[in-house]
Amino acid sequence: MKITAEQIAEVLNGVIVGDSTVEVFKLSKIEEGDKGSITFLSNLKYKHFLYTTEASVVIVNKDLELTQPVKATMIQVDDSYSAFTKILEYANQIKLMKSGIEQPSVISEGVEYGDDLYLGSFCYIGKNTKIGNNVKIYPNSFVGDNVIIGDNTILFAGARIYSESVIGKNCVIHSGTIIGSDGFGFAPNSDGTYAKIPQIGNVIIEDDVEIGSCTTVDRATLGSTIIRKGVKLDNQIQIAHNVEVGEHTVIASQTGIAGSTKVGKNCVIGGQVGIVGHITIGDNVRVQAQTGVGKSIKDGEIIQGSPAMAYNDFTKSYIYFKKLPNIVKDIEELKKNKEN
């Protein structure tokens, strides 16, 4: 989709210097700009590219002082970095402006959906599912029976939403993610085999949640696995049955949270963290990458290590970990001297 410099200036409340009718249809770095692209300059280290770029439009700060002529049309704004971020959001909105039901796709009996639905090819929507307004479901996605999906939510290609799941408004579920698969519930038999425990609960995802690709959120054994409002989950995360993740908590890739653990609000959990089941992690907790959490954590703590310990204790101890061979050597020398 092409857009003129004049239209961009209106979006950014900027001032045009140059041809207001020039059209752009792609984004670029300033050093890689070519005809039809829009870019920006915020770091003066790259200022020399302003005079050589082939980009059609460049967003610059109003207070920028020029020393040479500029071929591109400039849009002057108060903060070029923030303005370009706004353009990225605008371009993304345009890209996602899809509607209509592509074929082949399956909409089962009893399904209700709102205005401006986009349903891509080879999608399946199960019985009695309710879908809000402006929902985008990209190709090859599966939505089971009795699912609820709120307004303005996006399911990217290949998402899998099992039956009875509830997804709120303004959520984003990325490709390959599975919501509502069975929790890991098995009971040992006397002969050493395992009997599967039926997982008859569901998953509730509240508003404004984003979940990265190939993440799995298991349904509860009974009750609900709950992802609270504003949570952000990275790619390749495992959330087990009956876990609750508090509002506005962010979790990085390859973290696993075992069953029935409660994670508080506004927590930051690094990558490759392992958290055992049936514990409580308080609000505003910081868990450093590769930490193993084996017990409940109080509000506001910062922890690291495996098993986890207080962050400051870990960093102090690590100094001695690195010196351990020399410390042992010194102890052996002291023992010899004492014996002599």
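Is S253 buried or exposed? With a relative accessible area of 18%, S253 is buried, because buried means under 20%. This residue makes a handy starting point for a walk through the structure, which is a predicted model. You will find S253 in the loop between strand 31 (250-251) and strand 32. Setting aside neighbours within four places in sequence, S253 is in contact with D234, N235, Q236 and I237, and also with G271 and Q272.

Strand 32 leads us onward to a sheet. Strand 32 (residues 256-257) pairs with strand 29 (residues 238-239) in the parallel sense, over two bridges. Within that pairing, I239 stands opposite I257 of strand 32. Both strands belong to an open sheet of ten strands, and its order is 9-12-15-18-21-26-29-32-35-38 with parallel pairing. At the edges stand strand 9 (106-107) and strand 38 (292-293); each has a single partner strand, so one side of each is left without a neighbour in the sheet. In general, strands of a sheet pair through backbone hydrogen bonds, either parallel or antiparallel.

Now look for another open sheet, this one of nine strands. Its order is 10-13-16-19-24-27-30-33-36, and the pairing is parallel. Strand 10 (112-113) and strand 36 (280-281) are the edge strands here, and each has a single partner, so one side of each lacks a neighbour in the sheet. Strand 27 is a good place to pause. Strand 24 (residues 202-205) and strand 27 (residues 224-227) pair in the parallel sense over four bridges. Among the bridge partners, V203 is matched with T225 in strand 27, and I204 is matched with I226 in strand 27. Strand 27 also pairs with strand 30 (residues 244-245), again in the parallel sense, over two bridges. There, the bridge partner of I227 is V245 in strand 30.

Strand 16 is part of this nine-strand order as well, and it takes us to another loop. N152 sits in the loop between strand 16 (148-149) and strand 17 (154-155). How does its accessibility compare with that of S253? N152 has 35% relative accessibility and counts as partly exposed, whereas S253 is buried. Leaving out residues up to four places away in sequence, N152 touches N133, N134, V135, N170 and C171. The C-alpha atoms of N152 and L117 are separated by 9.4 Å, with these positions 35 residues apart along the chain.

Next, consider how nonpolar residues gather inside the model. The largest nonpolar core has 45 residues, and those with the most contacts inside it are I137, L155, I205, I239, I281 and V293. Some of these are already familiar: I239 is the residue opposite I257, for example. I281 is in contact with K262, V263, G264, C267, I275, V293 and I297, once its neighbours within four places in sequence are left aside. Apart from this core lies another, of 15 residues, including A9, V22, V24 and I75.

I75 brings us to strand 7 (residues 73-77), which is mostly covered, with four of its five residues buried. Strand 7 pairs with strand 2 (residues 15-17) in the antiparallel sense over three bridges, and I16 stands opposite I75. Strand 7 also pairs with strand 6 (residues 57-61), this time in the parallel sense over five bridges. In that pairing, V57 stands opposite T73.

Let us turn to a pair of helices. The axes of helix 3 (residues 311-322) and helix 4 (residues 324-339) come within 4 Å and cross at roughly 60°. Where they meet, Y320, F321 and K322 in helix 3 touch L324, P325 and I327 in helix 4. By class, this contact has five nonpolar residues, no polar ones and one charged residue.

Finally, how many disulfides are there? The count comes to zero. C123 and C214 help to show why: the sulfur of C123 is 17 Å from the closest cysteine sulfur, in C214, too far for a bond. For C214, the closest cysteine sulfur is likewise that of C123, at 17 Å. Their surroundings can be described too: C123 is buried at 3% relative accessibility, while C214 is partly exposed, with a relative accessible area of 47%.

Conventions
Residues are numbered from 1 along each chain as its sequence is written. This is a predicted model: local features need pLDDT of at least 70, side-chain atom pairs count only at pLDDT 80 or more; totals for chains, interfaces and linings use all residues. Side-chain values use heavy atoms; hydrogens and water are left out. Axes are lines fitted to C-alpha atoms, for helices over the stretch in contact, and angles run from 0 to 180 degrees between N-to-C directions. Contact means heavy atoms within 4.5 Å. Ala, Val, Leu, Ile, Met, Phe, Trp, Tyr, Cys and Pro count as nonpolar, Asp, Glu, Lys and Arg as charged, and the others, Gly among them, as polar. A disulfide is a pair of cysteine sulfur atoms within 2.5 Å. Buried means under 20% relative accessible area, exposed over 50%, partly exposed in between (1.4 Å probe, protein chains only). Two strands pair if DSSP finds at least two bridges between them. A nonpolar core is a set of buried Ala, Val, Leu, Ile, Met, Phe, Trp, Tyr and Cys residues joined through side-chain atoms within 4.5 Å.
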